[in-house]
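Hi everyone, thanks for coming. Today I'd like to walk you through one protein model, a piece at a time, so please pull it up on your screens.

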Amino acid sequence: MSLARYLPILTWGKDYTRETLSNDLIAAVIVTIMLIPQSLAYALLAGLPPEAGLYASIAPIILYTVFGTSRVLAVGPVAVVSLMTAAALSNIVEQGTMGYAVAALSLAALSGIMLLVMGLFRMGFVANFLSHPVISGFITASGIIIAASQLKHILGIDAHGHNLLDLVLSLFQHLPETNVITAVIGVFATAFLFWVRKGLKPLLQKLGVGATMTGVAVKAGPVFVVVATTLAVWLFGLGDQGVKIVGDVPQSLPPLTLPSFSPSLLGQLLLPAFLISLIGFVESISVAQTLAAKKRQRIDPDQELIGLGAANIGAAFTGGFPVTGGFSRSVVNFDAGAQTPAAGAFTAIGLAIAALALTPLIFFLPKATLAATIIVAVLSLVDFSILKRAWEYSLADFSAVLATIVLTLAMGVDVGVSAGVVLSVLLHLYKTSRPHIAEVGLIEGTEHFRNINRHEVQTDPRVVSLRVDESLYFANARFLEDFIQNRVAGDKNVRHVILQCSAVNDIDLSALESLEMINTRLEEMDVCLHLSEVKGPVMDRLRDQHFLKTLTGNVYLSQFDALNCIN
C-alpha cells in the first residue's frame, strides 16, 4: 500500500486487460497524430529547435505514466508554459545558442525538483494561492500574447517583444518586409485549421460519416495542413523564395543531456522555475480533476506534484524543456477512449518512432504552418467572459482579473503571473480581513438563530448574539475587536455578548490575544463574554489557555443553550 501510494502504476496495472489495451492503443494513435505538429510548434514558441518538442513529449509522458494518478492526463509541452519558458530564458541567454538550450534543460530540472519536493512534503495546497478568476485572466492575456508573437512567422518577418505593446510596434515596423508567399501559406493554414475546428464536423455528419471517423478527421486536421504545406514548399521550391522552413531535424531518439549547475544561472532561473511550476501544476490539476470527475475517479494532488516533477526531470535529461498536463490533448485522450496512463506510454512510443523515422519528411515544413497551429490552439484559451462574470459577481474579483490581464499584456507573462499570485493572496487577505459578522436572534418556535436584518426574530436588549462567519486570524482579529467595541459601547442595556463560533474553523495566536482583549474590555464595561458552538479542534486548542480561565462568561454547546442559561 505504501509503495502504491508513490507508484500508482501498481494500482491500475494489476487490473490491466486486453480490452483496456485495445482502448489505450486507439487513443494513443489519435493523440500521437495530434501531438506531432503540436510538439514541433510549442518548441518553436519556446525558442528551441523543433526536435526539442518531440523530445519533451517522450520521456516525460513515460515517467508520468509511472508516477501520475490521472488515467487520461497527457503530459508534454503546452502553450502557456512554453511562452513562460521563452520569456524567462531570453532575458538571460541569447535565443538560438547552445547556452539557450542548456538553460531550458536547467529550467526544466529546477521546475521538476520544486514539484517533486512539494509533492513529497504534501504541499498540493499551494495551488490554492492562485484564484481561478486570476488564472483565467492570466491565461487569456497569455493567449493573446502567444497569438501575436506568432504573426511574425505567418508574415515571414522578424519581430520581437515580450509584451503585447512591444510585439505590435515591432510587427508594424517590419510589416513592409512581409513575404507574400509565406503570408498566403500562413493565412491558408490558419483559416483551414479554424474551419476544421468549427465546420468540418457538421459537414461530415451531414454526409453521413460515423462519429468515430468524424472525430479522427477533426483531430487529424493539423496533420493534413502540415502535409499539404510541406508538399507545396517542396514541389514549388518555395524555400528558395524566402519561405522559412524547419530544415534539418535530427533523426534520433531523445539524447541524454545534462542541465547546467552554474550557481549564477540557477539563481536567475529560480523565480521563473517556481512560477512555471505553479502555473503548470494549477493548469494540470484542473484538467485532471475535471476529466476524473466524469468517470468518478480520484486525483491525488500531492502525487500529481510528484508525477509532474518526475516528468520535468525526465525532460531535463532528454533534451526537452518544462512540461505539464495539457488541456486539449488530455480532452482528446479522454474522448478517444483512453482507460489508463498506459495510453500515454503508447503515445510516447509513437512519438519516438516519429523522431526516428519521420523527421526527414518535415525538412520543408514551413514555420508559418506551425505558427498557425499555435494560433488556433491558443485562441481557444482566450475567454473575456470572465470579466463580465467577475463584474456581475464581485468588484474585488473583477479588479484582480482586470489587473492581471492588463499587467500581463503590458509588461509580459513574468510580471503578469507574479502579479496574479500577489493579487490572489491580497484578494484572500482583503476578503477574510473583513469577515461577515451577523447579529442574530431566535426564530420564534424554533432553536434556530438568524440574521436580525434578514429575518423576523426574537431578541433580548440585554444580550448581543454575534455569529462570526470566518476563521479568526491575525488579519481579521482587530476587525472583530472594533466591531464588538462599536456595537456594545453605545448601548447601556447590554450585559452579555455571545460569540456564535459555528463558522470558526481556527483561531490563531493573534486572534486569541484579541479575544483576551475583548474579554477584558467587556469586563470593564460590566459585560460578560460567552462562546457557543465552538468546534472540537478549536476547543482542543483553547482548553488549556489562559483565555478560558479568565473568560467572564461560559462556553455553551449551542446558541440556544447559551440564551436559555443567560435568561
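Let me start with a term we need right away: two strands are said to pair if DSSP finds at least two bridges between them. With that in hand, here is a pair of residues to look for: Ile-437 stands opposite Val-468 in strand β5. Please keep in mind that what you see is a predicted model.

Let's stay with those strands for a moment. Strand β3, residues 437-442, is joined to β5 by three bridges, and the two run antiparallel. And how do β5 and strand β6 run? They run parallel, with five bridges joining β5 to β6, which covers residues 496-500. You can check this by eye, since Ser-465 in the model stands opposite Ile-498 in β6, and Val-463 stands opposite His-496 in β6.

Now, why can we say that β5 is largely enclosed by the rest of the structure? Six of the six residues of this strand, 463-468, are buried, so the rest of the structure largely encloses it. Look at the two faces in turn: Val-463, Ser-465 and Arg-467 sit on one side, Val-464, Leu-466 and Val-468 sit on the other, and all of them are buried. Do notice that an arginine is in that list.

The neighbour β6 is mostly covered too, with five of its five residues buried. From β6, His-496, Ile-498 and Gln-500 point one way, while Val-497 and Leu-499 point the other way.

Let me zoom in on one residue, Val-463, which is found in β5. Is Val-463 buried or exposed? It is buried, because its relative accessible area is 7% and the cut-off for buried is under 20%. Leaving out residues up to four places away in sequence, Val-463 touches His-496, Ile-498, Leu-563 and Ile-566. There is also a nice example of folding back here: Val-463 and Asn-567 are 104 residues apart in sequence, yet 9.2 Å apart in space, C-alpha to C-alpha.

Let's step back to the whole protein. It has 25 helices and eight strands, and its C-alpha atoms fill a box of roughly 95 × 60 × 60 Å along the principal axes. Of its 567 residues, 53% count as buried. If you take the contacts with a separation of 6 or more, residues 24 or more positions apart account for 81% of them.

On to the cores. In soluble globular proteins, nonpolar side chains tend to be buried together. Here, the largest nonpolar core has 115 residues, and the members that touch the most others are Met-84, Phe-138, Ile-279 and Phe-321. Which helix gives this core its largest share? That is helix α13, residues 263-294, with 14 residues. A second, separate core holds 29 residues, including Leu-472, Leu-480, Cys-501 and Leu-551.

Phe-321 is a good one to click on. Leaving aside neighbours within four places in sequence, its contacts include Tyr-42, Ala-43, Leu-48, Pro-77, Ala-104 and Ala-315.

Next, a quick look at helix α5, residues 59-67. Its buried residues are Ala-59, Pro-60, Ile-61, Tyr-64 and Thr-65. Among the elements that cover these residues are α3 (18-45), α14 (301-316) and α16 (342-357).

Last topic: the empty spaces. Rolling a probe the size of a water molecule over the atoms shows where empty space is left. The largest pocket holds about 1,400 Å³ of space. It is lined by 48 residues, and the closest to its centre are Arg-197, Phe-327, Ser-328, Ser-380 and Leu-381. Helix α10, residues 180-206, gives the most to this lining, with seven residues. Sorted by class, the lining has 25 nonpolar, 14 polar and nine charged residues.

The second largest pocket holds about 870 Å³. Of its 39 lining residues, Leu-44, Gly-47, Gln-95, Lys-152 and His-153 lie nearest its centre. Its largest share, five residues, comes from α8, and the classes here are 21 nonpolar, 13 polar and five charged.

That's my tour, so thank you for listening!

Definitions and conventions
Residues are numbered from 1 along each chain as its sequence is written. This is a predicted model: local features need pLDDT of at least 70, side-chain atom pairs count only at pLDDT 80 or more; totals for chains, interfaces and linings use all residues. Side-chain values use heavy atoms; hydrogens and water are left out. A nonpolar core is a set of buried Ala, Val, Leu, Ile, Met, Phe, Trp, Tyr and Cys residues joined through side-chain atoms within 4.5 Å. Buried means under 20% relative accessible area, exposed over 50%, partly exposed in between (1.4 Å probe, protein chains only). Helices (H or I, at least four residues) and strands (E, at least two) are DSSP runs, numbered from the N terminus. Contact means heavy atoms within 4.5 Å. On a 1 Å grid over the protein atoms alone, a cavity is a set of points where a 1.4 Å probe fits but cannot get out, and a pocket is an open set with protein on both sides within 12 Å along at least five of seven lines; lining residues have an atom within 4 Å of a point. Grid points are joined across faces, edges and corners, and a volume is the space filled by probe spheres set on the points. Ala, Val, Leu, Ile, Met, Phe, Trp, Tyr, Cys and Pro count as nonpolar, Asp, Glu, Lys and Arg as charged, and the others, Gly among them, as polar.
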